[in-house]
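Biologist: Please take one residue of this model and look at it closely. Then tell me what else stands out along the chain.

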Amino acid sequence: MTEKVYIIHENKEWTAHLIKRLEQLNLPYEEWHLDKGTVDLSTVPPEGVFYSRMSASSHTRGNRFAPELTEAVLAWLERHGRKVVNGSRALRLEVSKVNQYMALDDAGVRTPKTVAAVGGEQIIQAAKDLGVSSFITKHNRAGKGLGVQLFHSIEALQEYLDGPSFDPSVDGITLIQEYIQAPEPYITRCEFVGGKFVYAVRVDTSEGFELCPADACKIDDLNCPVGEEVSEKPKFQIVEGFQDPIIEKYETFLRNNDIQVAGIEFIYDHDGEIYTYDVNTNTNYNSDAEAQADTYGMLELAKYLGDQLSVVKQ
């Protein structure tokens with residue numbers, strides 16, 4: 001049987017660009033769409049390179065247990081020594097911001113002060129314990145900015161919790177996090193392939209937190225389609241020649257956690273200090289920003305997977 005690249009995922013829209021690049025490079029591939037399925041633990045997996053693009057937001061597309069099924073598949077693959085890109089450790093961080101923050105802290109990366117809470121009274125108490133004037137809520141298991149709300153008082157948070165718009169995290173854990181006030185309304189996302197820095201993209205947040213690099217999708221577009229038209233002012237712009245000591249810390253973090261492909265997001269405060277708040281291990285890329293900069297993340301990823309496949313074939 002010919003070795004190939006196996007793409008583990010639950011959302012075809014987010015995989016189409018990668019498949020295009022794999023075909024461009026004449027690399028053999030097969031999709032494993034894990035919205036449902038079985039894993040026969042008594043069998044031996046095929047040879048090849050297995051790349052997991054499982055998403056923490058899979059439940060928003062009706063694939064509630066896709067991450068759990070993927071965890072089973074990855075355990076099976078790793079037991080048999082298969083080459084896995086973004087394996088079980090990456091998945092563990094993808095589905096839990098608590099795990100992300102603890103791993104980032106271990107690598108010496110600053111994150112916003114955060115309290116994890118389960119239960120309405122506990123969420124209120126967490127906000128009080130945080131001791132800051134402005135704070136945000138977010139889902140522990142998220143993606144696409146799920147559950148992100150900004151509050152300037154405990155009373156406003158209580159009203160939100162008591163009202164119909166409160167949106168609990170699928171794992172039940174709500175994060176209360178200090179709000180980092182940026183001097184300008186943007187965040188920076190650093191992209192890595194093979195554990196190495198590829199480029200940084202500046203993301204305009206003037207219209208809110210709920211942004212996804214897969215072009216123009218927003219939180220209410222639950223299928224997060226790629227290829228939509230964007231506004232005249234680009235939300236995503238690649239930063240030419242971006243350099244900062246944070247890159248070395250990010251690469252250490254990725255290496256320590258066996259993550260090969262990721263987008264890591266940070267924000268500057270008024271003093272120019274960097275706060276890192278999100279790690280995406282099923283990273284997407286914005287086509288308009290890449291075309292403007294003539295830099296293509298999925299092409300780099302396809303090349304990397306091809307290199308790994310060559311090693312497996314030796």
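Modeller: I begin with one serine, follow its neighbours, and then step back to the whole protein.

This is a predicted model, in which local features need pLDDT of at least 70 and side-chain atom pairs count only at pLDDT 80 or more, while totals for chains, interfaces and linings use all residues. Residues are numbered from 1 along each chain as its sequence is written, and side-chain values use heavy atoms, leaving out hydrogens and water.

Go to Ser55. Ser55 sits in the loop between strand E3 (48-52) and helix H2 (66-79). Helices (H or I, at least four residues) and strands (E, at least two) are DSSP runs, numbered from the N terminus. Is Ser55 buried or exposed? Ser55 is buried, because its relative accessible area is 2%. Buried means under 20%, exposed means over 50%, and partly exposed lies in between (1.4 Å probe, protein chains only).

What does the side chain of Ser55 meet? The side chain of Ser55 makes a polar contact with that of Arg61, at 3.4 Å. A polar contact is a pair of N or O atoms within 3.5 Å; within protein, one must be able to donate a hydrogen and the other to accept it, and residues adjacent in sequence count only if both atoms are side-chain atoms. Ser55 also has wider contacts, meaning heavy atoms within 4.5 Å. Leaving aside neighbours within four places in sequence, the partners of Ser55 are Glu10, Trp14, Arg61, Pro67, Glu94 and Asn282.

Now move to helix H2, where Ala66 is placed. Ala66 counts as buried, because its relative accessibility is 0%. Glu10 appears again here: beyond the neighbours within four places in sequence, Ala66 is in contact with Glu10, Leu34, Asp35, Met54 and Ser58. Ala66 and Gly163 are 97 residues apart in sequence, and their C-alpha atoms are 30 Å apart in space.

Two more loops hold buried asparagines. Asn286 lies in the loop between strand E13 (274-280) and helix H8 (287-293). Asn286 is buried, since its relative accessible area is 6%. A polar atom of the Asn286 side chain lies 3.0 Å from the backbone nitrogen of Ala289. Asn86 is in the loop between strand E4 (83-85) and helix H3 (88-94). At 1% relative accessibility, Asn86 counts as buried. Asn86 also has a positive phi of about 60°, although it is not a glycine.

Asp258 is another non-glycine residue with a positive phi, near 55°. Find Asp258 in the loop between helix H7 (246-256) and strand E12 (261-268). Asp258 is partly exposed, at 44% relative accessibility.

Next comes helix H4, residues 97-106. Its buried residues are Lys97, Asn99, Gln100, Tyr101, Ala103 and Leu104. An α-helix has 3.6 residues a turn, so residues three or four places apart point the same way. What covers the buried residues of H4? The cover includes H3, strand E5 (114-117), strand E6 (135-139), strand E8 (174-178), H7 and E13. Just after H4, Gly108 takes a positive phi of about 80°.

Cys190 belongs to strand E9 (residues 186-193). Cys190 is buried, with a relative accessible area of 0%. Not counting residues up to four places away in sequence, Cys190 touches several aromatic residues, among them Phe197, Tyr199, Phe242, Tyr250 and Phe266. Cys190 and Phe242 are 52 residues apart along the chain, yet their C-alpha atoms are separated by 9.3 Å.

Val170 is in the loop between helix H6 (154-162) and E8. Its relative accessible area is 28%, which means partly exposed. Beyond neighbours within four places, Val170 is in contact with His59, Arg64 and Arg141. The C-alpha atoms of Val170 and Leu309 are separated by 36 Å, with their positions 139 residues apart along the chain.

Now step back. The protein has nine helices and 13 strands. Of its 314 residues, 52% are buried. Among contacts between residues at least 6 apart in sequence, 71% join residues at least 24 apart. The C-alpha trace spans about 65 × 45 × 35 Å along its principal axes.
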